[in-house]
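Biologist: Could you choose one part of this structure, look at it closely with me, and then follow its surroundings step by step? Please explain each term when it first comes up, as I am still learning to read such models.

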Amino acid sequence: MFGFGRLTCGIAQTGDRRLALLLLAGLIAAGMTTPATGQIVLPPTPLTADQAIVDLPEYFERVVAVDTDRDRVLVSGEDGIVAVSGQGPEESIEGIGAIRSMLVTDVDQVLALGWAGQLVVLDAATLEQESTIDLPADVSFSDMVTAGDRLFVAGRTEQASTLWAADLEALLSGDAELQEVAGPELLGPTGLAPILLPLSEPDRVYIVDTSSVTTLDVTEADVELVGRAEGSGLQGDVAVDPDEQVVYFGGGAVFDTARLTVSEGQRFSSGVSAESGLELFIASRASDPVVLSRLAVASGETPVHLRVRCPGSRVLALDRLAGDRLVITTPESVCITDPPVISADLSDRRADTTERIAVGDPTDFAIEVSRLRFPDQGPRQPEMVVLARGDVFADAMAGTSLTADAPLLYVGDDGTIPPRVMDEIDRVLRNDPLDAERPLIVLLGGPEAIKRVEPMLFDFGYQTRRLQGRDRIETAVAIAQFVNRPYQHFLARAYGTDADATSAWADAVAIGTLTAQVQPVLLTTSDTLHPAVQQYLFTNEPGIRAVRPIGGDVALAGAIDGQLTELGITQVGPRFRGPNRAGTAASIFQELQRGSQSGRSPVLAFNGYVEEGWAYALVGAGLAGDLQGALLPVGDTLPPETEEAIGCSATTELFLLGGAEQISSDVAFELDSITAEC
C-alpha cells in the first residue's frame, strides 16, 4: 500500500520539478572545537544538505508520532502506518484505516485513533496490531493525550465538544472503558473538532477549539475547570517552548499556560521545540519542494533563516529526533536532516595554531567556505553569488575581484548547477520570491563553460549576469568592466607552458587576496600586451592610474611595462616578483605585512603545484580578503620562499586549504614547525 521510494541523500526520487530542472540543466555555534593538535574540526553538514528523503504516496492528512526509544517517527497514510528512521522505512502496518491522532505510550505501545471510531493498539517495536477498542459511535473523536496514568480523548457531538478519559493500563488490558469527564458545561461553546495540547503535565489537560483554550484540572477522577482563555488564531500547528510555559499556534495565537491568556503572535507553517529555544518554521515557497526559513524565538535572539529543502507541496508536521535532527513531513515525503548548523567562526584567532579546511572536492570545499564566510546568523549579506566551472580555470582566474562580498561556487563538469550548489545559493542569498528585487547570480564564461541556466534561475527568483569573452583574456576584461573600480589593476599571465600548465594560473591566484578587495586583475599573453587589454586600458585610461604586473620577465616580458606607459598609465609597478611562483607570492605577502596594523597577516596555504590547486585557492581568496591574509603556495614539500616568508612574520596564523590530498600531513607538520626566524 505504501510503495515507499528508495532512501536518497539530498535528491528526492519524486517528480520534483526544481530538482529535475537542475538535473536536466546539468550551533548556535557550530560546535567547532580546537583539539590539542591545533587543527580545527569543521561543523557538521547544515540543513541545506545531506537529507534522508523517503518518498510516500501522496496523502494530505498525515499524522506523525515520535518513537523516542527507537529514534524514529511513525507516519500515517491512507490505510496504515510506517516507521521511518534516518536509514529509511522500517516496520509498517496496513488495513487499519485512516488515522486522526497517534501517540507512543510509556508502556511501549502505539495508540492510533481512527477516523472510523476505533482505537487501535499496536506493538511499538513491530507495529503488529494487538487489539482494537471501539469508541462511542455518537462522538467524533479527534485527538488524545496522556496525563499522569490516564488517557484523555477529545471529540465532539452534534451539540458540543466533549472529553473522555480512562486509566491507560486498565483500558489496554480490557478492564476499563472510556468515560465522559467533561461536556458543554466545562468546555464551552461548540467549535470545530477540538485538539489537546501535548503538554506533559500530570494534573492538567488543555483542550482547544476554534476560539478558546480550556484548562482542566485532572488530578481527581472528576475534572474541574481551571480557566478559559478566548482569542483568535487558535488554528494550525502547535509549537511548545522547552519549559512548557508558552504554546504557539500556526494561526498566530500565543497561549500562556501560567497566566491562561491568549495573545497575538506570528503566523507560521509548523514548529518544533529545541534545546536552544523554540523554533518556528515559515514556508517561503508554495511550490514543490517546500523551503522553510527558521525563526528562533528564544528571548532576545535575532531570527535565523535556515533553508531546508524537502519534496512536497506543504508542511504537514515538523518533529525532532535525537541529536537535534529535524523531521519534515509533507503529503509526499518524510525528510530527516542532519543537525542544523547556524553559524561558525572560522578562526580561533590564535597565532600558534594551524587550521585546516578539509571538505570534499572543490565543489564541496567552495560550499563550506561560503558557509563559513556568510553564516546564517552572521552580520554579512552577500551582494551576489559568483558561479564558475570547477574543472577548468580559464574563466575563473579573474573572478576573485567579484568575491569581496560574494561567495565563489562551482558548477559541475558538464556546466550545470548541482543541487547542493543550488541549495547553497538559496541559503546564502536568502531568496524570497515574494521580494520585488531579485538576487544576482554572476556567471563566468560563455555557454560552452556554463550551460544556459538563465531561464531556470529566473524561474527560481534570481536575475543573472553572464561575463564572457572569446577567451580567458576577454573574460577578464568583462569582469573588470563589471567591477568598475578603475583606480588600480593587476596584470598577470594568461597562459602557461607546455611543460607546466599550472604556471598559467600561479600568479593570478597568488594576487587573489588583493583582487578580492575589489581590485581587478587583467590577463595577457606573456610576450606582449594583448589587444583586448590595450583597448580596455586606453578606453578607461583617465580613471586607471596604476597597473601592477605580477611575476618576473618570464611570466610577463619587460616590454609590457613600456606598453603600459605608452597607454598613459601614470604608475606602472612596482612588480610583485620572485625567482619562482612561491617567491612572487611571498612578495605579495610581505606587502600585506607592511600594510597590516599588527604586522602579522594570516597565511592561507594551498597546493600551488597540482592541476586542481587553483580551485581551492580562488575560493580561498575571498576568505583571505576577509581575514586580510595572503595566499602562499606549498607542494609536496615546503618551498623555501614560503617557509622564509612565514618565519619572518613571527606569529602568523596559518590556514590549510584542502585535505591531505592537497596538503599532506608532512607538509602540514613542516608548517607547524616553522620557527620565528628571519
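Modeller: Let us begin with helix 4, of which 11 of the 12 residues are buried, so that this helix is largely enclosed by the rest of the structure. Buried means under 20% relative accessible area, exposed means over 50%, and partly exposed lies in between, with a 1.4 Å probe and protein chains only. Helices (H or I, at least four residues) and strands (E, at least two) are DSSP runs, and they are numbered from the N terminus. Before going on, please keep in mind that this is a predicted model, in which local features need pLDDT of at least 70 and side-chain atom pairs count only at pLDDT 80 or more, whereas totals for chains, interfaces and linings use all residues. Residues are numbered from 1 along each chain as its sequence is written, and side-chain values use heavy atoms, with hydrogens and water left out.

The buried residues of helix 4 include Pro362, Phe365, Ala366, Val369 and Arg373, and these five residues return below as part of a contact. From its first C-alpha to its last, helix 4 reaches 16 Å with its 12 residues, close to the 16 Å expected at 1.5 Å a residue; the expected span is 1.5 Å times one less than the number of residues. Leu372, which has its place in helix 4, is buried with a relative accessible area of 8%. Although Leu372 and Leu623 are 251 residues apart in sequence, they are 8.8 Å apart in space, C-alpha to C-alpha.

Leu623 leads us to the partner, since it is one of the residues through which helix 13 makes contact with helix 4. The axes of helix 4 (residues 362-373) and helix 13 come within 9 Å and cross at roughly 10°, which makes helix 4 roughly parallel to helix 13. Here axes are lines fitted to C-alpha atoms, for helices over the stretch in contact, and angles run from 0 to 180 degrees between N-to-C directions. Angles under 35 degrees count as roughly parallel, those over 145 as roughly antiparallel, those from 65 to 115 as roughly perpendicular and the rest as oblique. On the side of helix 4 the contact is made by Pro362, Phe365, Ala366, Val369 and Arg373, and on the side of helix 13 by Ala615, Tyr616, Val619, Gly622, Leu623 and Asp626, where contact means heavy atoms within 4.5 Å. Sorted by class, this contact has 8 nonpolar, 1 polar and 2 charged residues; Ala, Val, Leu, Ile, Met, Phe, Trp, Tyr, Cys and Pro count as nonpolar, Asp, Glu, Lys and Arg as charged, and the others, Gly among them, as polar.

Helix 13 deserves a careful look of its own. The 15 residues of helix 13 (residues 613-627) should span 21 Å at 1.5 Å a residue, and its end C-alpha atoms are 20 Å apart, which agrees. Helix 13 nevertheless bends by about 35° at Ala621, the bend at a residue being the angle between axes fitted to the seven residues ending there and the seven starting there. Of the 15 residues of helix 13, 14 are buried, so this helix too is largely enclosed by the rest of the structure. Just after helix 13, Gln628 takes a positive phi of about 55°.

That backbone angle invites a short detour. Most residues other than glycine have a negative phi, and most peptide bonds are trans. Asp71, which is not a glycine, also has a positive phi of about 55°, and it lies in the loop between strand 3 (64-67) and strand 4 (72-76). Leu260 likewise has a positive phi, near 55°, in the loop between strand 21 (253-256) and strand 22 (261-264). At 27% relative accessibility Asp71 counts as partly exposed, while Leu260, with a relative accessible area of 19%, is buried. As for the peptide bond, a cis one joins Gly573 and Pro574, with omega about 0°, and Pro574 lies in the loop between strand 38 (571-572) and helix 12 (581-595).

Residues distant in sequence also come together elsewhere, as Glu653 shows, being 298 residues from Glu355 in sequence and 8.3 Å from it in space, C-alpha to C-alpha. Glu653 lies in the loop between helix 14 (640-648) and strand 41 (654-657), and at 9% relative accessibility it counts as buried.
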